[in-house]
Amino acid sequence: MSTMLLQAKNICAYYGPTQVLHGLDLAIAEGGITTLLGANGAGKTTILRSVCGMVRTTGEIRFRGHEIADKATEDIVRLGIAHVPEGRGTFVRLTVEENLQLGAITRGNKVEIATDVERVFGYFPRLRERYRQQAGTLSGGEQQMLAIGRAMMLRPKLLLLDEPSFGLAPLIVQEVFSILKQMNQREKVSIFLVEQNAALALDLADQAYLLETGRVVMAGAARELREDENIRRAYLGY
Amino acid sequence: MELFLHQVLAGLATGGIYACMALAIVMIYQAIDHLNFAQGEMAMFSTFIAWQLIEWGFPYWAAFFLTLAISFAGGYMIERVIMRPLHNAPILSHVAMFIALFAILNSAAGFIWDYQVKNFPTPFGTKSILGEGLLSAHDAGMIGATVVMLLFLFLFFRYTRIGLSMRAAAANPESARLVGIRVGWMLALGWGMAASIGAVAGMLIAPVVFLEPNMMSSILLYGFAGAVVGGLTSPAGAVVGGLMVGVIENLAGTFIPVIGRELKLTIALALIVLVLTVKPSGLFGRTVVHRV
Amino acid sequence: MNTAAPVSKRRAYEAPAYWRWLGFLIVAAIALPLPFLLKNFFIFQLTLAMVYAIAILGLNLLTGFNGQFSLGHSAFFALGAYTAAILMDQYDVSYYWTLPVAGIVCFVAGFLFGLPALRLEGVYLALATFALAISMPQILKLSPLEHWTGGVQGIVLIKPNAPFGLPLNPDQWLYFFVFAVAALLFFCAYNLVSSRTGRAIKAIRDNPVAARTMGVNLSLYKSLTFGVSALYTGIAGALGGIAVQFVAPDSFTFGLSIALFVGLVVGGVGSIGGALFGAWFVLFVPNIAEQVSKGLAGAVYGVMLVLLIYLMPFGLAGLVRMAAMRFARAKR
């Protein structure tokens, strides 16, 4: 097995007094795409929020040798974890340009940033047409592209995606997912993907976790999970 | 016609005061996404600090810039100490906190410097430069200073990374953290800057209205009116709005019998309600669409 | 942004109805003998406290139960006070008849102000009402109205005597009169809040969009709440004018709005009984502070607000309720 980019041990997460994650272990391989499946309310989003320090978490989370469980969100991000949150987190009042610039706000080199903007346009040509528009006026698909583009502007080692297919037309979803695959291969960015659409996610990913009520109930190669009888019936629906 | 022009000019002179205040209001609105009801009292308090420094023998400009620095630190501290724990609290808590600040600053100023009206010097002189007492050098200087401040702020927010970070932090703190912005710093910085701008406004206004703890209450209202008319999201709009409010106030006072003269504050009230209900984004502000 | 003030989890525990009656009886048992034990000045102060309690209750109906802000309730208080004063001074109307008139006038004014305010959310509404509070004294000074309002001088009133030859001095009588009015208004507020209408009002506070989808007429209910809130505060204003025997523009500045707001937060946002605590606080604490130094009252208000928001977000009534909740749990 390849080296682990992110290794989480025994994480528990709480919203106020309510415990949502119950001591789960997780590992994300360098260079791969790992997906996290589960029903509504299983705790998928919470895991992403735990990794980014956005929810009260106990346990151990190591990212490239750094212990990050007790770090602030902005410091975790600065280590190279980009998070495209639920609902995309677009700065709707700012322009597309400003959104992309914000993605690179922690980086200094202006020339590099400019080339990275061009790279994002290479993946998402439609953003170039919308460059000076207010981001709030973009369509759902375009906003998702902008969110991913903004995350890539960080030059992250790890990209966290929370339901990128949510609310998008099937054709757009196909497009976005194939671009994610390309990004994974060309940009050397590892991806941790949370998805409701299990079929789509298992096609894209090489590793997969299955979550039920805050616990990991199954883990392994995406291929194997796809073959699994129970998973097929419960999550793939055939 | 000549009377009309005269009144417009005189209106611009008072409008300069409101523009100054409106700019400070919009500035903090941009930086913290809240209307600060204590903005006027903060400006008043800063002006008292400047007055105290001058009393102690500092030259005007030294006192001026020292006050800016002190106000910046003060605004910064207010965010860190008082507002910080409320980041996720409902609006009611924020409004309550602004009211608290209002009350504390107002009565602290009265406690320290008493309620006697004080003179405050002007750096521009009081000579009439247009007509007979229509536009004094101080009025012109005040408008000029406001425009310079506006230009500076525009450049800062539009073209610097820290300006962009501040806007992002105010608009959407969670997303801002996710791109690595230190949101806490940005908010505190915003408070510091707003306090400094308020201090400039206070020091420019004080020579006109005289210095006392309640000097700002009506000016704050006109400032709000100017900010609302121009649009709360637009610093330039706030300046234009402030000037407009001054002109409208003056014309109403001249041409509408009794009411125009005696109900000046009510004109501000009417303007606020009218603009907020008819065109909440103001004349120059951007419309923000809410998705439900 | 969510304009609804505090979250609704606060309502997880509601005292059963008989507790409320018990509470009322205790308050009455303490309050009714007081006028025979205290000096006239203290009776007057307690009367004022009840007046403030009514006004704060009015503000609470708007902010605590409907989630709308107002920093402008001093204006409605003033309107009520002036309505009563002008009726008594110019038209020789009896003091008790001025109350319903003041209530109706303020209801209409509140309803009308609530109409444009409908489009204003959260902090914008606070802004508009702030403007109302600041400009009210100037309106009261308007020279064409001077014949009625007395301009800057205001209007001096005569304290009513006890009717039917009751053996009470005017201060005692006014105390009982205000107590009766307050009891009635508090009773009505309890019923309003727990009625069907009250649920609609609270639903708007907690989630306006959901409330609308359930068929709640948002604009109607919001304006009505504004009207009722102004009615309460207006009646309080009328009682206040009668009790103080004097109304003048500068009694009704933004400072009064701050006081009402402080009372609201101290007593507990969304708590009806809390208005009483709030009223005592805003009346007596500044008195003590002013004795130490002039102008210190504002600082005390401010510091109190800061502390309360950190330590007791639901006010004194919330504290009592929390204790009651613990007690109820322990019994189980």
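This is a chat about how the chains of a predicted model touch and which side chains pair up.

Visitor: Hi! What should I know before I look at it?
Guide: This is a predicted model, so local features need pLDDT of at least 70, side-chain atom pairs count only at pLDDT 80 or more, and totals for chains, interfaces and linings use all residues. Residues are numbered from 1 along each chain as its sequence is written, chains are lettered from A and ligands numbered from 1 in the order in which they are written, and side-chain values use heavy atoms, with hydrogens and water left out.

Visitor: Okay, chains C and B. How many residues does each put into the contact?
Guide: Chain C gives 48 residues and chain B gives 45 residues. Contact here means heavy atoms within 4.5 Å.

Visitor: And what area is buried between chain C and chain B?
Guide: About 4000 Å², with carbon and sulfur atoms giving 80% of that. Buried area is the accessible area (1.4 Å probe) that two parts lose on being put together, summed over both.

Visitor: How many salt bridges cross there?
Guide: The rule finds 0 salt bridges across the interface of chain C and chain B. A salt bridge is a side-chain nitrogen of Lys or Arg within 4 Å of a carboxyl oxygen of Asp or Glu. The rule does find 3 residue pairs in polar contact across the interface of chain C and chain B, both residues at pLDDT 80 or more. A polar contact is a pair of N or O atoms within 3.5 Å; within protein, one must be able to donate a hydrogen and the other to accept it, and residues adjacent in sequence count only if both atoms are side-chain atoms.

Visitor: Which elements of chain C give two or more residues to that side?
Guide: They are α5 (95-117), α6 (122-140), α12 (254-267) and α14 (296-311) of chain C. The largest share, 13 residues, comes from α6(C). Helices (H or I, at least four residues) and strands (E, at least two) are DSSP runs, numbered from the N terminus.

Visitor: What classes of residue are on the side of chain C that touches chain B?
Guide: That side has 34 nonpolar, 11 polar and 3 charged residues. Ala, Val, Leu, Ile, Met, Phe, Trp, Tyr, Cys and Pro count as nonpolar, Asp, Glu, Lys and Arg as charged, and the others, Gly among them, as polar.

Visitor: Now chains B and A. What do they bury between them?
Guide: Chain B and chain A bury about 2300 Å², 54% of it on carbon and sulfur atoms. On the chain B side, B:Arg161, B:Leu178 and B:Val179 supply 30% of the area buried against chain A, more than any other three residues. The contact takes 24 residues from chain B and 29 residues from chain A.

Visitor: How many salt bridges are there between chain B and chain A?
Guide: The count is 5 salt bridges, and there are 6 residue pairs in polar contact, both residues at pLDDT 80 or more. In chain B, the elements giving two or more residues to this side are α6 (161-171) and α7 (173-178). By class, the side of chain B that touches chain A has 9 nonpolar, 6 polar and 9 charged residues.

Visitor: Which residue does B:Arg158 bridge to?
Guide: B:Arg158 forms a salt bridge with A:Glu98, the closest N and O atoms being 3.9 Å apart. The pair runs from helix α5 (residues 137-159) of chain B to helix α3 (residues 96-103) of chain A. B:Arg167 also forms a salt bridge with A:Glu98, at 2.7 Å between the closest N and O atoms.

Visitor: Is A:Glu98 buried or exposed, and what about B:Arg158?
Guide: A:Glu98 is buried, with a relative accessible area of 7%, while B:Arg158 is partly exposed at 35%. Buried means under 20% relative accessible area, exposed over 50%, and partly exposed in between (1.4 Å probe, protein chains only).

Visitor: Switching to rings: how many aromatic pairs are there over all chains?
Guide: The count comes to 29 aromatic pairs. Rings of Phe, Tyr and Trp (its six-membered ring) pair if their centres lie within 6.5 Å; planes under 30 degrees apart count as stacked, over 60 as edge-to-face and the rest as tilted.

Visitor: Why is the pair of B:Phe37 and B:Phe224 tilted?
Guide: The ring centres of B:Phe37 and B:Phe224 are 5.5 Å apart and the planes are at 55°, so the pair is tilted. B:Phe37 lies in the loop between α1 (2-32) and α2 (39-55) of chain B and B:Phe224 in helix α9 (residues 217-230) of chain B, so the pair ties together parts that are 187 residues apart in sequence.

Visitor: Which residues do ring pairs link into a cluster?
Guide: The cluster links B:Phe37, B:Phe102, B:Phe224, C:Phe130 and C:Phe254.
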